[in-house]
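Here is a relaxed walk through one model, taking in its hairpins, its packing, its empty spaces and a few single residues. Have the structure open as you read.

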Amino acid sequence: MAEKHFKYVILGGGVAAGYAAREFTKHGLQPGELALISKEAVAPYERPALSKAYLFPEGTARLPGFHVCVGSGGERLVPDWYKEKGIELVLSTEIVKADIHSKSLTSATGQVYKFDTLIIATGSTVIKLTDFGVQGADAKNIFYLREIDDADKLVEAIQAKKNGKTVVVGGGYIGLELSAALRVNNLDVSMVYPEPWCMPRLFTADIAKFYEGYYTNKGVKIIKGTVASGFGSNDNGEVTEVQLKDGRVLEADIVIVGVGGRPLTTLFKGQVQEEKGGIKTDAFFKTSVPDVYAVGDVATFPMKIYGDIRRVEHVDHARKSAEQAVKAIKASEEGKSIEEYDYLPYFYSRSFDLSWQFYGDNVGETVIFGDNDPASSPHKFGTYWIKDGKVVGAFLESGTPEENQAIAKVARAQPAASLEQLSSEGLGFASKI
């Protein structure tokens, strides 16, 4: 099998890969210079849709509707777009070996791809309960959600088990969004997680109290402080129950597990410098190896605003880091320089009729403002984080676009403030910055 050689190779088929491909075309790209290699069977798409509209019974999202870059208001990059731009879109192809010093990637079928410059955009994979030897965790109808194939299987199960019982294992992003989507499908939903409140990596107890109350009012049963320790199944191998560590047993026709992910860096172990679970990069997403860049979930990069290094798993960073890396590659070729990556952490979620945004750093003391009563309408409330007398983070539920811009501005500016001032002024504090 003849080797294939490309000036640039993007390894990965997620959000970062798609945005990197678009950025290359903005800077001038010759046909045949760029290949995008993905193990998925479809062109890059906006992954957040899978836990939201993809699962809705009405107003359902389907491809080609949410290919990148529609999630940020850009054009939709359907497969023909890659063809028109002279980009080799290599789908359904798993790379099993990477030798970045000889600049080669080898697929499961033995095809070798050579590159001059590589962008690692492999993203994350889900952590599975089978990894921990949880009894019965390999039963049918136990789902994980990462790729479109996963979502298709889940949709099939939702349709097959109408009005059935579902158990969501995990109380983070995926757990909250999928519990909402399952309720919208009129399924019975129990959500199980070991922490004292949901989304503990970001939410304070006061923030979580609102969402737990709201979800309860929507019919989601929340079970905290325990974990799934085993699963029962029928003669067909389909899951029938979830056994909890505290002794309780929950009936289940469908189980969805969302207990976190891990960056896909195995191919590059021992070949690049790593830190904090990811591939260490500079502010231009260059790794320790010349001509090799890493973006999105896999990159551990300098967080300029806080003077430390971090790894961020979020679609916003996936998009922006990909664009930064390509700009850096092209600038280097032209002997030019670009600004360092100066990222403001940003997270958001939408479920039911709720929509929250968070900017900045969730460290220090907190103050809540507004009405966080789950029974209230329009349930607009928020939280500021304050450290060393400065506002470093801000969260807002049900904000307008202008209000969300205001809290982002506050998190970036880090103005001086007291807890008393923030408590009394609330959202008004952000609006005057």
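## Hairpins first

Glycine 247 takes a positive phi near 100 degrees in the hairpin of β13 and β14, which has four residues between the strands. Before going on, a word on the ground rules: this is a predicted model, where local features need pLDDT of at least 70, side-chain atom pairs count only at pLDDT 80 or more, and totals for chains, interfaces and linings use all residues. Residues are numbered from 1 along each chain as its sequence is written, and side-chain values use heavy atoms, with hydrogens and water left out.

Strands here are DSSP runs of E with at least two residues, helices are runs of H or I with at least four, and both are numbered from the N terminus. Two strands pair if DSSP finds at least two bridges between them. β13 and strand β14 (residues 249–251) run antiparallel and are joined by three bridges, with glutamate 241 opposite glutamate 251 in β14. On the other side of the story, β13 also pairs with β12, where alanine 228 has leucine 244 of β13 as its bridge partner. Further toward the start of the numbering there is the β4 and β5 pair, in which isoleucine 95 stands opposite serine 107 of β5.

Here are two of the antiparallel pairs with their turns:

| Strands | Bridges | Residues between the strands | Positive phi in the hairpin |
|---|---|---|---|
| β12 (228–233) and β13 (239–244) | five | five | glycine 237, near 80 degrees |
| β4 (95–99) and β5 (104–107) | four | four | lysine 103, about 55 degrees |

## Packing

Now for the inside. A nonpolar core is a set of buried Ala, Val, Leu, Ile, Met, Phe, Trp, Tyr and Cys residues joined through side-chain atoms within 4.5 Å. Buried means under 20% relative accessible area, exposed over 50%, and partly exposed in between, using a 1.4 Å probe and protein chains only.

Which members of the largest nonpolar core touch the most other members? Out of 126 residues, they are Ile10, Leu105, Leu118, Phe203, Tyr211 and Tyr384. A second, separate core has 20 residues, including Leu129, Ala139, Leu250 and Val257.

Tyrosine 211 is worth a look of its own. Taking contact as heavy atoms within 4.5 Å, and not counting residues up to four places away in sequence, tyrosine 211 touches Cys198, Phe203, Leu354, Trp356, Phe381, Phe395 and Glu397.

## Empty space

Tyrosine 211 turns up again at a cavity. On a 1 Å grid over the protein atoms alone, a cavity is a set of points where a 1.4 Å probe fits but cannot get out, while a pocket is an open set with protein on both sides within 12 Å along at least five of seven lines; lining residues have an atom within 4 Å of a point. Grid points are joined across faces, edges and corners, and a volume is the space filled by probe spheres set on the points.

The count comes to one cavity of 30 Å³ or more, and the largest cavity has a volume of about 70 Å³. Its lining is made of Tyr173, Leu176, Glu177, Met199, Tyr211, Tyr215, Ser349, Ser351 and Trp356. Two or more lining residues come from each of α4 (173–184), α5 (205–217) and β22 (346–351), and α4 gives the most, with three.

The second largest pocket holds about 400 Å³ of space. Among its 24 lining residues, Pro48, Ala49, Lys52, Tyr348 and Arg350 lie nearest its centre. α4, β22 and β23 (354–360) each give two or more residues to the lining of this pocket.

## Three single residues

Is arginine 47 buried or exposed? Arginine 47 counts as buried because its relative accessibility is 16%. Arginine 47 sits in the loop between β2 (34–37) and α2 (79–84), and, beyond four places in sequence, touches Gly13, Gly14, Val15, Glu40, Arg146 and Glu147.

Serine 38 lies in the loop between β2 and α2 and is buried at 2% relative accessibility. Its contacts, leaving out residues up to four places away, are Gly12, Gly13, Val90, Leu91, Ser92 and Thr93.

Lysine 7, in strand β1 (residues 4–11), is partly exposed, with a relative accessible area of 31%. The C-alpha atoms of lysine 7 and leucine 118 are 8.6 Å apart, although 111 residues separate them along the chain.
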